[in-house]
Each structure stands twice: as structure tokens, then as C-alpha cells.
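Hi everyone, thanks for making time for this. I'd like to walk you through a structure that may be new to you, so settle in and have a look with me.

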Amino acid sequence: MAKAVESSGELGTTSPRPLMRDLKAVGKKFMHVLYPRKSNTLLRDWDLWGPLILCVTLALMLQRSSVDSEQDGGPQFAEVFVIIWFGAVTITVNSKLLGGNISFFQSLCVLGYCILPLTVAMLVCRLVLLAEQGPINFMVRLFVVIVMFAWSIVASTAFLADSQPPNRKALAIYPVFLFYFVISWMILTFTPQ
Amino acid sequence: MAAVDDLQFEEFGNVTTTPAENPDATTINIEGPDESPMHQPGPPRGSGGEEDDELLGNEDSDKTELLAGQKKSSPFWTFEYYQTFFDVDTYQVFDRIKGSLLPIPGKNFVRLYIRSNPDLYGPFWICATLVFAIAISGNLSNFLIHLGERTYHYVPEFRKVSIAATIIYAYAWLVPLALWGFLVWRNSKVMNIVSYSFLEIVCVYGYSLFVYIPTAVLWIIPQKAVRWILVMIALGISGSVLAMTFWPAVREDNRRVALATIVAIVLLHTLLSVGCLAYFFDAPEMDHLPTVTAAPNQTFVAAKAS
């Protein structure tokens, strides 16, 4: 089944795929991430559009404004982009080296789509930051980020855990935990200028 | 010939007396033929050789020794070659981490836990975790220290992550490289019983850095004394793991060279931890001094004005 997916795809077709069909596929995967249950849709029909949209959105919201000339500010757009993609590639290579039977792009697809809860958290945080700053503001943001972080972990574990050999599951899941933890930290420490 | 008759075995009676029959008799159970190989009693070992042959009682030890010759047979440009460096299970990684946290005097980390199966999973992910632990803890600690000041504006200090990554990964790869080169050079002059491969050295260094992860988190506490005590404890633990690992490898050498090597290893480790503490974590007391000295001046000026 994996072979069939690899051959039929955007690269193999000659006729242009309708935009609505792609958007619907992306939207369906978003739903699968928001309500994670053991299904093969994310793995079978992988695509990287969803991760790209999410990554760009997150990087746009996280970048510091050009007015801020401080050296020690938050990450730039390119830095967030590189962290997300480099992190996802590292985790994928790690899980393949440990003996997982998931393909490279399937794993990138799952990791990218499971950033969706954290992107939602970023949106919520930016809205909350429009209100008055203070400890309550921080507690609300902390709570939202923690919940979304847990959601991302649960979603990605539901999709990725089965592809690992049973005695190495924890070894493959821990880098995912670290990856989403770092992204959550970047979201939580975002301070507007 | 009479001596041969004396050597005949005596026939004992039926010794299977149950405790019910004879409550005073002690019965010993001897295990059947399928006893595990770990119960073989070896000859008493001298203190010099105990690091070299360890029978921990782990059943895989025989299997691992047999398989050691069959590993790493793929050429280095195939994926399978690199998979041999990740051939560890979860419990093995936990055991190695536990071994790095509890150094037992006289037990060699490499012989005990690595056993010709060095992995790159541990060193890589421990270093990654350490990089983020130091950067995040440093950021958090600076935030807590400067919390009350009016002129302080919180910044996430994201640049420090790349700096931390450079330092930690350079340490975890370049120092083992230098040490391995040095040991190979000494080995050509003085025959050593114990010699380590490059990956085993990387492995030891990687796992010895694990103790710095909780140390970095605890460094958030803004007390100088606490931080220096933590430095001592962490250095004691990881330094002793390294020293006990490399002492057998330099023991046969010239006394001064051996001691100098161990001192250099511990010194570099100290430099790493103290350097990270100094760079990523602001000093707690220094920043409060200006506010303390400013107040008496203001009161003095106010008293003068009135």
C-alpha cells in the first residue's frame, strides 16, 4: 500500500489536480489531527502542503518585528522555519535508524500536521496578549500552551507509535516530545514589542 | 594400588529427607541442568584484571560477545551501517544513563554497559536535551533574577540556543577525538591491556553529560552557594565516571603521563560546566547592588535638601 502511494502523487500525474481536492485533503487531515484516533489517513495519503501552511503561519506569528534591533530577542522567521523542518527531519532519521518502518515523507507529514494544535495556541496567545499584561495574562497563556502541547504529543504518538519496534517506542517518541516542547517554549516566551 | 581403593566414592544413603521427617536436617536444592550460565563460579580475580572481564550476570553478555564480530559488516555508504549505531533498546539506554549517574568505584562504564555496542542515540539526544535545558534554564533564571527591576524588559535570548549547541556538540565530539588520538599514540609506545574505540569514547562522554541536565534545571535557583554546590556534585559524578573509565587505559603508561591525562580530562569537564554557568546564567547578587547603594545616596540628598 505504501508503494502505491509513492507512485501516485503530485509528481506522477500529468493532468493538473484541482485545487479544491487538495484543499479538502488538507482539511481532512487537519480534522484527523484535532480528533486523533488510530487511522491511516495521515500515513497513507501523505502530503506536505499542510505542514508548509502551518509552518509558515507559525513562523510569521513568531518572528520579532523589524523595529526590534536587540540581539537577544526572539527568533526570526527563517530560524523558526529551519528549526521546524530540521527538527522534523532529525526525528524522522532517528526513527528510521532505530528500525521504524515508516517512510521519510510520511513521518514528516505526521510531524508537520501535529503542529496544528500549537499553531492554534499561538493564535490564542496573540489574542490574549492584546489584553492587559500581567500574571493572569501569563497564566492563561501557560495553560493554553500546556494543553495544546499535550494535544500535539498525543496526536503524533497515536500516528507514529505503531510504526516503531515495541522495545524502542520510548526512544522514538522522546525526540518528538523535545521537538514540541521547544516549539511550545518559543510560543510561550513570545513577547510583542 | 591400595591408594586407588581409598579413593572410591562412598555411597550415601537416600538423602532426600523431607522437613517433615527430620526437621533438624538441612536440605540443599541443587538446580537442574538448565541453570543459567551466570552461576558459574570463576577463579578469584585479582584487582588488576577485574575491569577487563566483567560478568555482571546479564544473559546477553555471551550473545553480545559472539555477535560483536558480526556487526558493522555493511559498507559505510549504506543506511544499514549507521543503523548499527542505533541498535539499542529502551532498557539499555536507561541502564547506561543509570550507570552514568551512579558511578561504582572499580567498575568501568564501557565494560559494564557498552560492551562492544556503542550507540549514538544516547550522546546525540542527551546533548540536544542539554543544549535546550541550559538555554531555557538560563533564560528562566535571568527572568526571575531581574523580575523586580523597572528597566528590565524580558527577551527570549534565542541566540543563546545556537551558541549552546555549538559549545556542547563541539565538546562532545572534539574532546573524544583528541583523547582517542592521544590514546592511540600512547598505545603505539606502551602496550595497554585496555583500549577503546572512538565510538566508545564518544559514548562515554555523551552519557557522562547526562547529569548536567538536572543540574542545569536546578541552576535556576538564584543562590550562588547552591549553584556552586551543584557544580561540585555534577563534576564529582561525571568526572568520576570519566576518570574510572580512562584510568585502565593509561595505567600501564608512565605515571606522570597517566596522571596528566586524567587531570586534563577532569579539567576540561570543569571548564565546560563552569563556563556554561558563567555565560548562560547571570550572577544573582551583582545586579541587586546598584539599587542598594543608590538608596542611601537618595536619602542623603533628600536630607541635605530639607
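Let me begin with a definition: here, a disulfide is a pair of cysteine sulfur atoms within 2.5 Å. Chemically speaking, a disulfide is a covalent bond between the sulfur atoms of two cysteines. Please keep in mind as we go that this is a predicted model.

With that cut-off in hand, how many disulfides does a search of the whole structure find? The count is 0 over all chains. Take A:Cys109 as an example: the closest cysteine sulfur to its own belongs to A:Cys114, and at 8.8 Å that is too far for a bond. Starting from A:Cys114 leads back to A:Cys109 as the closest, with the 8.8 Å again too far for a bond. A:Cys109 is buried, at a relative accessible area of 0%, and A:Cys114 is buried too, with 0%.

Let's step back and look at chain A. It has 9 helices and 0 strands, which gives the pattern α-α-α-α-α-α-α-α-α when you read along the sequence. The chain has 193 residues, and buried ones make up 50% of them. Now consider contacts between residues at least 6 apart in the sequence of chain A: 73% of these join residues at least 24 apart. As for the outside, chain A exposes about 9800 Å², with carbon and sulfur atoms supplying 71% of that area.

What does the UniProt record place on chain A? An unreviewed entry there gives the feature "transmembrane region" at residues 48-65, 77-98, 104-131, 138-160 and 172-191. Two of these spans can be compared with the model. Residues 104-131 of chain A are 86% helix and 0% strand, and their end C-alpha atoms are 42 Å apart. For residues 172-191 of chain A, the figures are 85% helix and 0% strand, with the end C-alpha atoms 33 Å apart.

Let me zoom in on helix α6 of chain A, residues 104-113. Is it enclosed or open? It is largely enclosed by the rest of the structure, because 8 of its 10 residues are buried. Among the buried ones are A:Gln106, A:Ser107, A:Leu108 and A:Tyr113, along with our friend A:Cys109.

Next, salt bridges. Over all chains, the count comes to 5. One of them joins the side chains of A:Asp47 and A:Lys29, at 2.6 Å from N to O. This pair links distant parts of the chain, 18 residues apart: A:Asp47 sits in the loop between α3 (41-44) and α4 (49-62) of chain A, and A:Lys29 is in helix α2 (residues 19-34). Both A:Asp47 and A:Lys29 are buried.

Another salt bridge brings the side chains of A:Glu79 and B:Arg159 together, again 2.6 Å from N to O. This pair crosses between chains, running from helix α5 (residues 77-97) of chain A, where A:Glu79 lies, to B:Arg159 in helix α7 of chain B. B:Arg159 counts as partly exposed, because its relative accessibility is 28%.

Within chain B, B:Arg96 pairs with B:Asp119 in a salt bridge whose closest N and O atoms are 2.6 Å apart. B:Arg96 belongs to helix α4 of chain B and B:Asp119 to the loop between α5 (109-114) and α6 (121-145), so the pair ties together parts that are 23 residues apart in sequence. B:Arg96 counts as buried at 1% relative accessibility, and B:Asp119 counts as buried at 0%. There is also a network of salt bridges linking A:Arg168, B:Asp87 and B:Asp89.

While we're on helix α4 of chain B, residues 90-101, let's meet B:Gly99, which lies there as well. With 5% relative accessibility, B:Gly99 counts as buried. Which residues does B:Gly99 touch, leaving aside those up to four places away in sequence? They are B:Phe109, B:Tyr113 and B:Val241. B:Ile167, by contrast, is 68 residues from B:Gly99 in sequence and 25 Å away in space, C-alpha to C-alpha.

My last stop is on the surface of chain B. There, B:Trp173, B:Leu174, B:Leu177, B:Trp180 and B:Val184 make a nonpolar patch of about 460 Å². B:Leu177 is found in helix α7, residues 159-189 of chain B, and at 41% relative accessibility it counts as partly exposed.

That's the tour, and thank you all for listening!

Definitions and conventions:
Residues are numbered from 1 along each chain as its sequence is written. Chains are lettered from A and ligands numbered from 1 in the order in which they are written. This is a predicted model: local features need pLDDT of at least 70, side-chain atom pairs count only at pLDDT 80 or more; totals for chains, interfaces and linings use all residues. Side-chain values use heavy atoms; hydrogens and water are left out. Patches are made of residues with over 30% relative accessible area and no salt bridge: like charges are joined within 9 Å, nonpolar side chains (Val, Leu, Ile, Met, Phe, Trp, Tyr) within 5 Å. Accessible areas come from the Shrake-Rupley method with a 1.4 Å probe; for residues, only the protein chains shown count as cover. A salt bridge is a side-chain nitrogen of Lys or Arg within 4 Å of a carboxyl oxygen of Asp or Glu. Helices (H or I, at least four residues) and strands (E, at least two) are DSSP runs, numbered from the N terminus. Buried means under 20% relative accessible area, exposed over 50%, partly exposed in between (1.4 Å probe, protein chains only). Contact means heavy atoms within 4.5 Å. UniProt positions are given in the numbering used here, feature names are shortened, and annotations may be inferred rather than shown by experiment.
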